[in-house]
Amino acid sequence: MLARALARRYLLHVAARKTRVLRACSSGNMKKGALKNHLSKVVERFKALELKLTTPDVQLGEEEQRNIRKALNEMEPVVELIRQYGCKEQELEELQMLMSEPALRETARKEVESSQQEMEDIQASILRTLLPHDPDDNNDAILEVRAGKCLNQTLCRGGGEGSKVFAWVS
């Protein structure tokens, strides 16, 4: 019983932490300049770790190499999304210049709208990937499911085989 209560409390804590970060990022508390500054630091750190790992002059131990590779693997999705966002920004600037030409104005306007939507999607993906990760996310878990114990009597009337279908986590 105590283990269930602790596990439940921990899951609620992790969910609340992730919700706070998302709310802070999406509500405008984190200004765009601050976000861009943070993202540029992430890219710089990624490049520095990549350089450190690929430079033959630097002697690294096995443990340090493993830690660097792990950090690079964690940062790679964020860096890829940042690069995609930068490409979309450049594309949007080019489309803005095309809107000054009357012949291409309507086509460019449609492309601008779709590019802006894609940029918003990429930005939302970046914010999701920047959420703090729980160190236990990569660990295995053991879940014990016992047949015959049903907390909701309307679903398991009569017990028997029907009660073995349901599993409850409380």
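Trainee: How do you know which residues in helix 4 are buried?

Mentor: The ones that count as buried in helix 4 are Ala108, Val112, Ser115, Met119, Ile122, Ser125, Ile126 and Leu127. The test is relative accessible area: buried is under 20%, exposed is over 50%, and partly exposed is in between, with a 1.4 Å probe and protein chains only. Mind that this is a predicted model, where local features need pLDDT of at least 70, side-chain atom pairs count only at pLDDT 80 or more, and totals for chains, interfaces and linings use all residues. Residues are numbered from 1 along each chain as its sequence is written, and side-chain values use heavy atoms, with hydrogens and water left out.

Trainee: Why is Ser115 called buried?

Mentor: Ser115 has a relative accessible area of 1%, and the cut-off is under 20%, so Ser115 is buried. Its place is in helix 4, and it touches Glu91, Leu92 and Leu95, leaving out residues up to four places away in sequence. Touching, or contact, takes heavy atoms within 4.5 Å. From C-alpha to C-alpha, Ser115 and Leu95 are 9.2 Å apart in space and 20 residues apart in sequence.

Trainee: What makes the pattern of the protein chain α-α-α-α?

Mentor: The chain has 4 helices and 0 strands, and reading along the sequence gives α-α-α-α. Helices here are DSSP runs of H or I with at least four residues, strands are E runs of at least two, and the numbering starts from the N terminus. Of the chain's 170 residues, 20% count as buried. Among contacts with a separation of 6 or more, 56% come from residues 24 or more positions apart.

Trainee: How do you know that the reach of helix 4 is close to what's expected?

Mentor: Helix 4 covers residues 105-129, which is 25 residues, and it spans 36 Å from first C-alpha to last. The expected span is 1.5 Å times one less than the number of residues, and for helix 4 that is 36 Å, so the two are close.

Trainee: Why are helix 3 and helix 4 called roughly antiparallel?

Mentor: Helix 3 (residues 62-98) and helix 4 pack at about 160°, with their axes 9 Å apart. Those axes are lines fitted to C-alpha atoms over the stretch in contact, and angles run from 0 to 180 degrees between N-to-C directions. Under 35 degrees is roughly parallel, over 145 roughly antiparallel, 65 to 115 roughly perpendicular, and the rest oblique. About 160° is over 145, so the pair counts as roughly antiparallel. The residues of this contact divide into 12 nonpolar, 7 polar and 5 charged. Ala, Val, Leu, Ile, Met, Phe, Trp, Tyr, Cys and Pro count as nonpolar, Asp, Glu, Lys and Arg as charged, and the others, Gly among them, as polar.

Trainee: What makes Lys88 count as buried?

Mentor: Lys88 sits at 15% relative accessibility, under the 20% limit, so it counts as buried. You'll find Lys88 in helix 3, in contact with Glu118, Met119 and Ile122 once neighbours within four places in sequence are set aside.

Trainee: Why does Leu60 count as buried?

Mentor: Leu60 comes in at 17% relative accessibility, so it also falls under 20% and counts as buried. Leu60 belongs to the loop between helix 2 (32-54) and helix 3. Not counting residues up to four places away in sequence, it touches Lys52, Leu53, Gln65 and Ile68.

Trainee: And why is Lys52 called partly exposed?

Mentor: Lys52, in helix 2, has 33% relative accessibility, between 20% and 50%, so partly exposed is the label. Beyond its neighbours within four places in sequence, Lys52 is in contact with Val58, Leu60, Glu64 and Ile68.

Trainee: What makes Arg45 partly exposed?

Mentor: Arg45's relative accessible area is 48%, which isn't over 50%, so Arg45 is partly exposed. Arg45 lies in helix 2; Arg45 and Leu72 are 27 residues apart in sequence and 9.3 Å apart in space, C-alpha to C-alpha.
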